[in-house]
Amino acid sequence: MWLFCWNRTHANGSIKRGSKDNATDSVALRTGIGVQLKDIKVFNRERQKGTNVCADNNGGCQQLCLYRGNGQRTCACAHGMLSDDGVTCRDYDGYLLYSERTILKSIHLSDERNLNSPVKPFEDPDFMKNVIALAFDYGHGAKSGNRIFFSDIHFGNIQQISDDGSGRKTIVE
């Protein structure tokens with residue numbers, strides 16, 4: 001039997017596995033995950049019993065299917081908001097984007113009680129070391145979507161990414 005734990009102080013946040021009888025011989029499964037991790041759960045498909053409406057085609061939900069019991073489900077979105085159809089997700093009309101040096105995060109402008117970030121954080125340790133300035137180009141062409149520009153003083157450059165996280169490129173060296 002294994003015991004799994006996380007340690008915020010070891011190797012900039014790590015998940016470890018050790019023997020239930022002697023955890024001193026633990027092995028780091030992941031390191032460098034930061035201090036934001038709050039909990040871990042172990043999933044083993046062989047130990048799962050039963051099924052629910054979410055098991056078939058994700059319950060018809062685009063992102064998250066939350067089983068409510070008695071054959072009922074609710075769809076939710078990891079990022080973005082639930083559309084009027086109750087199953088698909090759409091982008092928020094607005095949000096505040098900010099830099100934590102190595103990662104770009106967002107918060108809601110219209111619902112400060114909602115702690116789920118409106119968009120997935122942008123993180124790329126190879127190209128984001130010390131982001132200090134941001135700019136946003138809304139609606140850059142029908143197919144291109146929105147663009148985010150940022151300057152990184154570690155690299156001394158200006159970069160751009162699409163607001164879906166794709167298409168990163170350096171535009172000023």
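The following paragraphs lead through a predicted model, from a small sheet to a nonpolar core, the salt bridges and two loop residues.

The sheet is a convenient place to begin. Strands of a sheet pair through backbone hydrogen bonds, and the pairing may be parallel or antiparallel. Here, an open sheet of 3 strands runs in the order β8-β9-β10, and its pairing is antiparallel. Its edge strands are β8, covering residues 95–99, and β10, covering residues 122–123, each of which pairs on one side only. Between β8 and β9 (residues 103–108), the antiparallel pairing extends over 5 bridges. One residue pair places the two strands in register: Leu97 has Ser106 of β9 as its bridge partner.

Leu97 also leads from the sheet into the interior. In soluble globular proteins, nonpolar side chains tend to be buried together. The largest nonpolar core in this model has 10 residues, namely Tyr95, Leu97, Leu104, Val119, Phe122, Met128, Val131, Ile148, Phe150 and Ile161. Strands β8 and β12 each supply at least two residues of this core. The surroundings of Leu97 can be listed in detail. Leaving aside residues up to four places away in sequence, Leu97 touches Leu104, Lys105, Ser106, Phe122, Leu134 and Ile148. Of these neighbours, Leu104, Phe122 and Ile148 are members of the core as well, while Ser106 is the bridge partner in β9 already named.

Lys105, another neighbour of Leu97, introduces the charged contacts. Side chains of opposite charge can pair when their charged atoms come close. A search of the whole structure finds 3 salt bridges. In one of them, the side chains of Lys105 and Glu100 meet with an N to O distance of 3.2 Å. Lys105 counts as buried because its relative accessible area is 18%, which is under 20%. Glu100, at 38% relative accessibility, is partly exposed.

Another salt bridge joins Arg147 to Asp137, with the closest N and O atoms 2.7 Å apart. This pair links distant parts of the chain: Arg147 belongs to strand β12 (residues 147–152) and Asp137 to strand β11 (residues 131–137), and the two are 10 residues apart. Arg147 is buried, at 18% relative accessibility, whereas Asp137 is partly exposed, at 23%. Strand β12, which holds Arg147, is also one of the strands that supply at least two residues of the core.

The remaining salt bridge is formed by Arg90 and Asp93, whose closest N and O atoms lie 3.7 Å apart. Arg90 is partly exposed, with 36% relative accessibility, and Asp93 is exposed, with a relative accessible area of 73%.

The last stop concerns backbone geometry. Most residues other than glycine have a negative phi. Which sign of phi does Asn57 have, positive or negative? Asn57 has a positive phi of about 55°, although it is not a glycine. Asn58 likewise has a positive phi, of about 55°, and is not a glycine either. Asn57 lies in the loop between β3 (27–31) and β4 (64–69), and Asn58 is found in the loop between β3 and β4 too. Their accessibilities can be stated in turn. Asn57 is exposed, since its relative accessible area of 63% is over 50%. Asn58, at 29% relative accessibility, is partly exposed.

Note on methods
Residues numbered from 1 in each chain as written. Predicted model: local features only at pLDDT ≥ 70, side-chain atom pairs only at ≥ 80, totals over all residues. Heavy atoms only, no water. Helix = DSSP H or I, 4+ residues; strand = E, 2+ residues; numbered from the N terminus. Buried < 20%, exposed > 50% of the residue type's maximum accessible area, 1.4 Å probe, protein only. Pairing = 2+ DSSP bridges. Salt bridge = Lys/Arg side-chain N within 4 Å of Asp/Glu carboxyl O. Core = buried A, V, L, I, M, F, W, Y, C linked by side-chain atoms within 4.5 Å. Contact = heavy atoms within 4.5 Å.
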